Amino acid sequence: MAGGKTGRNPAAFILRALGTLLLAALVLICLPLTVPRLFGYHIYTVVSGSMEPAIPTGSLVYIREAAPEEMAAGDVIAYYGARDSASIITHRVVENRVVMGEFITRGDANLTEDMNPVPYGNFIGKVVRSVPTAGKIAALFTSAQGKIMAGCAVFAAVLLQLLASAIEVLAKRRRA
């Protein structure tokens, strides 16, 4: 009997396994982009080299909300470039001017401190982890093309499962 004691068709088994592996791979790729958000982390991709070599371009950074008063010199923070701006900057704190409610910051790759102090109102949080090159993968999967690719992967996995079921039904009919 094909497929051993269980009577399962080897082709159907392989198709089911491939479909399951495809879905598992997609879930594993998406976990670092979703689970930390459930625990209150903000996730961003680094697009400039101002923090190299500590945080290379293309890194994924995880930001934890914190009180700005608690930040100390040497901490890497994330903040809005301007209050109404969507640009997010990650730089190192040079000085925390608590009384003034602002930070003096500098990118590690920059020779001088940033021109303008960062007001506490622009502060997002403290960088607690960076994962080199993971930002490139995140950018791919959060882009329109990446979403289409993920949708195609889910469709392919479902198609593999359906094909495996069809093969098993045909095999049962032949045995009957």
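**Exercise 1. Find which residues of α2 meet which residues of α3 in this predicted model, then describe how the two helices are placed.**

Step 1: Start with the residues that touch. On the α2 side you should find L140, F141 and T142, and on the α3 side A144, G146, K147, M149 and A150.

Step 2: Sort them by class. The contact of α2 with α3 has 5 nonpolar, 2 polar and 1 charged residues.

Step 3: Get the geometry. The two helices pack at an angle of about 75 degrees, and their axes are 4 Å apart.

Step 4: Put a word to that angle. Anything from 65 to 115 degrees counts as roughly perpendicular, so α2 is roughly perpendicular to α3.

Step 5: Pick out A144, which lies in helix α3. Is A144 buried or exposed? Its relative accessibility is 58%, so A144 counts as exposed. If you want a distance to check, the C-alpha atoms of A144 and R106 are separated by 33 Å, with these positions 38 residues apart along the chain.

**Exercise 2. Work out how α1 and α3 are arranged.**

Step 1: Locate the helices. α1 covers residues 10-38 and α3 covers residues 144-175.

Step 2: Read off the packing. The angle is about 160 degrees, and the axes are 8 Å apart.

Step 3: Turn the angle into a direction. Over 145 degrees counts as roughly antiparallel, so that is what α1 and α3 are to each other.

Step 4: Add the handedness: α1 and α3 cross in a left-handed way.

Step 5: Look at who takes part. From α1 the residues include A11, L15, L22 and L26, and they meet a set in α3 that includes A150, A153, L160 and I167. By class, this contact has 16 nonpolar, 4 polar and 2 charged residues.

**Exercise 3. Track down the largest nonpolar core and say which elements build it.**

Step 1: List the members. There are 10 in all: L26, L33, I43, L60, Y62, A134, A138, F141, A150 and A153.

Step 2: Assign them to elements. Those giving two or more residues are α1, β2, α2 and α3.

Step 3: Find the top contributor. That's α2, with 3 residues.

Step 4: Zoom in on one member, L60. Skipping its neighbours within four places in sequence, L60 is in contact with L33, I43, Y44, T45, R129, S130, V131, A134, G135 and A138.

Step 5: Don't stop at one core. There's a second, separate core of 9 residues, with V46, I55, V76 and V127 among them.

Step 6: Recall the general idea behind this. In soluble globular proteins, nonpolar side chains tend to be buried together.

**Exercise 4. Compare T90 and I88 in strand β4: where does each stand on the buried-to-exposed scale, and what does each touch?**

Step 1: Place them. T90 is in strand β4, which runs over residues 88-97, and I88 is in β4 too.

Step 2: Use the cut-offs: under 20% is buried, over 50% is exposed, and in between is partly exposed. T90 has 10% relative accessibility, so T90 counts as buried. I88 has 30%, so I88 counts as partly exposed.

Step 3: Leave out residues up to four places away in sequence and check the contacts. T90 is in contact with V46, S50, M51, V61, V76, I77, A78 and V127. I88 touches Y44, A78, Y79, Y80 and I124.

Step 4: Try one distance. The C-alpha atoms of I88 and T45 are 43 residues apart along the chain, and 9.6 Å separates them.

**Exercise 5. Check the backbone at P53 and T133, then visit G121.**

Step 1: Go to the loop between β1 (41-45) and β2 (60-64), where P53 sits. What is special about the peptide bond from E52 to P53? It is cis, with omega near 5 degrees.

Step 2: Move to T133, in the loop between β7 (123-131) and α2 (134-142). T133 isn't a glycine, yet its phi is positive, about 65 degrees. With 47% relative accessibility, T133 counts as partly exposed.

Step 3: Finish at G121, in the loop between β6 (118-119) and β7. Its relative accessible area is 42%, so G121 is partly exposed. The C-alpha atoms of G121 and R8 are 113 residues apart along the chain and separated by 63 Å.

Conventions:
Residues numbered from 1 in each chain as written. Predicted model: local features only at pLDDT ≥ 70, side-chain atom pairs only at ≥ 80, totals over all residues. Heavy atoms only, no water. Buried < 20%, exposed > 50% of the residue type's maximum accessible area, 1.4 Å probe, protein only. Axes fitted to C-alpha atoms, helices over the stretch in contact; angles between N-to-C directions. Parallel < 35°, antiparallel > 145°, perpendicular 65-115°, else oblique. Left-handed = near helix turned anticlockwise from the far one by under 90°. Contact = heavy atoms within 4.5 Å. Nonpolar A, V, L, I, M, F, W, Y, C, P; charged D, E, K, R; others polar. Core = buried A, V, L, I, M, F, W, Y, C linked by side-chain atoms within 4.5 Å.
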